[in-house]
Amino acid sequence: MKTDMAADGGGIRDLSDATRLASELRLAVGRVTRRLRQAHAVGDVSLSGVSVLARLAGEGPDSPTALAETERVRPQAMASTLAQLEQRGLVRRTPDATDGRRSIVAVTEEGRAVLAERRSESVQRLAAVLDTFSDQERATLGAALPLLDRLAERL
């Protein structure tokens, strides 16, 4: 069995622990995501669409190319997502002021409203379930959030 020196003081740890944790984390996060996704009506904005709306609402207008890079998807996939959002009036494209060949995408007020509604539904579902957890369990989940954010950034 392979072992490695732990970075937190030189203790020995089993490298398979990281693989096991990764597998269990992937399954748990996948289940939460699927359950939240299943709660939305057919025809709702896709998860990738919501992610783009959230990014545009939080970080401001951007180019389709930059959005594809940031969301880590192929430009063709981003073009499809943006076309669907634009067709529904949730984003708008305008020519780039510095380079007329490029376009800049911005979230519309309708897009902000859809995003707020979607977040509200998900947050309400999560909050209802978290209300059944103990204070200690909620604190443990809260303490893990910075680690989950760091994990997401490094993937």
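Helix H1 gives the largest share of the lining of the largest pocket, 12 residues. That makes the pocket a good place to start a tour of this predicted model.

**The pocket**

The largest pocket has a volume of about 2300 Å³. Besides H1 (15-38), the elements that give two or more residues to its lining are helix H2 (47-59), helix H3 (64-71), helix H5 (109-130) and H6. In total, 41 residues line the largest pocket. Nearest its centre lie Val29, Val32, Thr33, Leu148 and Ala152.

**The chain as a whole**

Let us step back for the overall layout. The chain has six helices and four strands, and along the sequence they follow the pattern β-β-α-α-α-α-β-β-α-α. How many of the 155 residues count as buried? The share is 22%. The accessible surface comes to about 11200 Å², and carbon and sulfur atoms hold 56% of that area. Among contacts with a separation of 6 or more, 45% join residues 24 or more positions apart.

**A nonpolar patch**

Leu148, one of the residues nearest the centre of the largest pocket, also belongs to a nonpolar surface patch. The patch covers about 370 Å², and its other members are Leu145, Leu151 and Leu155. Leu151 sits in helix H6, which spans residues 135-154. Why can Leu151 count as partly exposed? Its relative accessible area is 37%, and the partly exposed class runs between the 20% limit for buried and the 50% limit for exposed. On helices in general, residues three or four places apart point the same way, because an α-helix has 3.6 residues a turn.

**The loop between H1 and H2**

Two residues of this loop make a handy pair, and Thr81 from helix H4 (residues 75-87) joins them in the table.

| Residue | Place | Relative accessible area | Class |
|---|---|---|---|
| Val45 | loop between H1 and H2 | 7% | buried |
| Ser46 | loop between H1 and H2 | 32% | partly exposed |
| Thr81 | helix H4 | 11% | buried |

Which residues does Val45 touch, leaving aside those up to four places away in sequence? They are Val50, Leu53, Leu85, Arg88, Leu90, Val114 and Arg118. Val45 counts as buried because its relative accessible area is 7%, and the limit for that class is under 20%. One of its partners, Arg118, is 73 residues away along the chain, yet the C-alpha atoms of Val45 and Arg118 are separated by 8.8 Å.

For Ser46, a C-alpha separation of 9.4 Å is found to Leu85, with their positions 39 residues apart along the chain. Leu85 is also one of the residues that Val45 touches.

**Helices H3 and H4**

Thr81 is buried at 11% relative accessibility. Beyond residues up to four places away in sequence, Thr81 touches Ser48, Gly49 and Val52.

In H3, the buried residues are Ala66, Leu67, Ala68 and Glu71. What do the buried residues of H3 pack against? Their partners are H2, H4 and strand E4 (103-107). Just after H3 comes Arg72, and this residue takes a positive phi of about 60°.

Terms used: Residues numbered from 1 in each chain as written. Predicted model: local features only at pLDDT ≥ 70, side-chain atom pairs only at ≥ 80, totals over all residues. Heavy atoms only, no water. Patch = residues over 30% accessible without salt bridge, like charges linked within 9 Å, V, L, I, M, F, W, Y side chains within 5 Å. Areas by Shrake-Rupley, 256 points an atom, 1.4 Å probe, with all protein chains shown as cover. Salt bridge = Lys/Arg side-chain N within 4 Å of Asp/Glu carboxyl O. Buried < 20%, exposed > 50% of the residue type's maximum accessible area, 1.4 Å probe, protein only. Contact = heavy atoms within 4.5 Å. 1 Å grid on protein atoms, 1.4 Å probe; cavity = no way out; pocket = protein on both sides within 12 Å on 5 of 7 lines; lining within 4 Å. Points joined across faces, edges and corners; volume = space filled by probe spheres on them.
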